[in-house]
Amino acid sequence: MSGRVRSIVLLAIAGIIVVCWGDGAFAHGVSRRDAAFVSSVSGPAIAPFGYLGAKHMVTGYDHLMFLVGVIFFLYRLGDVVKYVSLFTIGHSLTLMAGVLGDIRANAYLIDAVIGLSVVYKGFENVGGFQTLFGVAPNPRVAVLVFGLFHGFGLATKLQELALPARGLVANLLSFNVGVEIGQGLALTAVLIALTHWRSRHGFSRHAFAANALLMTGGFILIGFQLAGYAVNR
Amino acid sequence: MNAGATAPSRRRIAMATLLALCAAVAILFVAVLPAEYGIDPLGTGRMLGLTALSGTVEQVAPSLSASVASAAPEQSVAMQQDVYEVELRPFEGVEYKYRLELAAGLVYAWTASASVGYEFHGEPDGAPPKYFDSYNKGVGVEGHGTFIAAKAGIHGWFWENKGATRVKVRLRTTGFYAKSTEYRDGDRIERRFPAAPPR
């Protein structure tokens, strides 16, 4: 009982961090402190871009849902590192290539693919590919390929900021490093929560439901983004 | 992948996937599409008041009581026109507000050179410190409409540059106000308009 309460408290804290970060940026008065800070920085704005990258990752529920799916059944830390590294390589490649090569992908379509990646991961976690089709895509290749799409998604967000050419590489690298820091923070919270959850009775039953829920979330993302594409084209 | 768990049956997986899809479609049509895009085929968005979030509905302040609207009160303050321009540094925010008496009207249009966070809001007279009514908020490059003050007080905009480059914001208004106030960098700059504007 107390373990369950602890898990809930931990999840609630993680939730509060995400909500406050997402909403607090809009609160009156906060912006002036940020402004004072930014105006004191000259040249490439490393800290602000790093902050933006981390913020995007921690408040980006699409990336987080995918990561939850990826590490859901990874019990060994080595495996977590392996898969997360593949994801990082994938999204860093396309983030860099997208911004430096000025490749402008459609943000809605990219985000729909990110939604698909969430559905894929949930479906794989319930054993859908093996049981229904008899063949499963290689999970490592899949996490790398979907990582590439997540990177394009990050690139579209950064391109919306109308980046100045001066200090572009430094700012881009800062953003990327920020993304990894944010990912690390989010992963830590998710891992703590998952570890608690796994030790609970009936985890496998709940795990099935959780991954079905993950699929639901992914489907919603796909519909949401495709509708956005249809409305704004 | 699914280590440690007893493998669920084909039927169970298929059902769960189908259920996930159905739930997603239901949530999309009931809530997400009406709230985000104003697409409301089932009418649930209107019923739950979600379409108001989509920004496709006319952006108006909370409706006035019928008596105020139908009385069409004369304004004691002269009609004014104003143009306010500001350049925001990255992460900088500014507020620009007008003093409006009860039922005073304001026609406004603002544009920004890049996407900004905004909130059109008002601080009614006699309200506790930090209290404000939010009329509409969001992220965008423009806003325009007609506003009629349901409460006497100061009413106006908060804009915030959330990007990494400078953004210019330009506001044009016509209305019945005698004073505006700008809040920037912790300063408060008041501007008074002449009682009878030059013809």
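Two residues are in contact if their C-beta atoms, placed from the backbone, lie within 7 Å. Keep that in mind for the tour. The model on screen is predicted.

**Stop 1: chain B, whole**

Select chain B. Among its contacts with a separation of 6 or more, 72% are between residues 24 or more positions apart. Chain B holds three helices and eight strands. Colour by secondary structure and start at the N terminus: the order is α-α-α-β-β-β-β-β-β-β-β. Of the 199 residues here, 30% are buried.

**Stop 2: three strands of chain B**

Select residues 93–100 of chain B, strand β2, and residues 179–184, strand β7. The two strands run antiparallel, joined by four bridges. Now add residues 187–192, strand β8 of chain B. β8(B) is antiparallel to β7(B), and six bridges link them.

Show B:Y183 as sticks. Which residue of β8(B) is the bridge partner of B:Y183? Pick B:R188. Then look towards β2: B:E95 has B:Y183 as its bridge partner in β7(B). So B:Y183 is a good residue to centre on. Next, select the turn. β7(B) and β8(B) make a hairpin, with two residues between them. One residue in the turn, B:D185, has a positive phi of about 50 degrees.

**Stop 3: chain A, whole**

Switch to chain A. Its secondary structure amounts to 10 helices and zero strands. Along the sequence the pattern reads α-α-α-α-α-α-α-α-α-α. Buried residues make up 39% of the 233 residues in chain A. Of the contacts in chain A with a separation of 6 or more, 88% join residues 24 or more positions apart.

**Stop 4: α6 and α8 of chain A**

Select α6(A) and α8(A). They pack at an angle of about 150 degrees, and their axes lie 9 Å apart. An angle over 145 degrees counts as roughly antiparallel, so α6(A) is roughly antiparallel to α8(A). The crossing of α6(A) past α8(A) is left-handed. For the contact, show residues of α6(A) including A:I110, A:I114, A:S117 and A:Y120. From α8(A), add residues including A:A142, A:F146, A:F149 and A:G153.

**Stop 5: α4 and α9 of chain A**

Now select α4(A) and α9(A). Here the packing angle is about 45 degrees, with 11 Å between the axes. That angle makes α4(A) oblique to α9(A). The crossing is right-handed. On the α4(A) side, show A:L64, A:L67, A:V68 and A:I71. They meet A:A186, A:L187, A:V190, A:L191 and A:L194 of α9(A).

**Stop 6: the cores**

In soluble globular proteins, nonpolar side chains tend to be buried together. How many residues does the largest nonpolar core have? The count is 58. Select A:F66, A:V119, A:F149, A:M215 and A:F219, which have the most contacts inside this core. Helices supplying at least two residues each include α3 (46–59), α5 (77–100) and α9 (168–198) of chain A, and also α1 (10–37) of chain B. The greatest share comes from α10(A), with 10 residues.

Zoom in on A:M215. Beyond its neighbours within four places in sequence, A:M215 is in contact with A:V119, A:G122 and A:F123, and with B:T17 and B:A20.

Finish at a second, separate core, which has 26 residues. Select B:L100, B:A103, B:F158 and B:F176, which are among them.

Technical notes
Residues numbered from 1 in each chain as written. Chains lettered and ligands numbered in written order. Predicted model: local features only at pLDDT ≥ 70, side-chain atom pairs only at ≥ 80, totals over all residues. Pairing = 2+ DSSP bridges. Buried ≥ 20, exposed ≤ 12 C-beta atoms within 10 Å, placed from the backbone. Core = buried A, V, L, I, M, F, W, Y, C linked by C-beta atoms within 7 Å. Axes fitted to C-alpha atoms, helices over the stretch in contact; angles between N-to-C directions. Parallel < 35°, antiparallel > 145°, perpendicular 65-115°, else oblique. Left-handed = near helix turned anticlockwise from the far one by under 90°.
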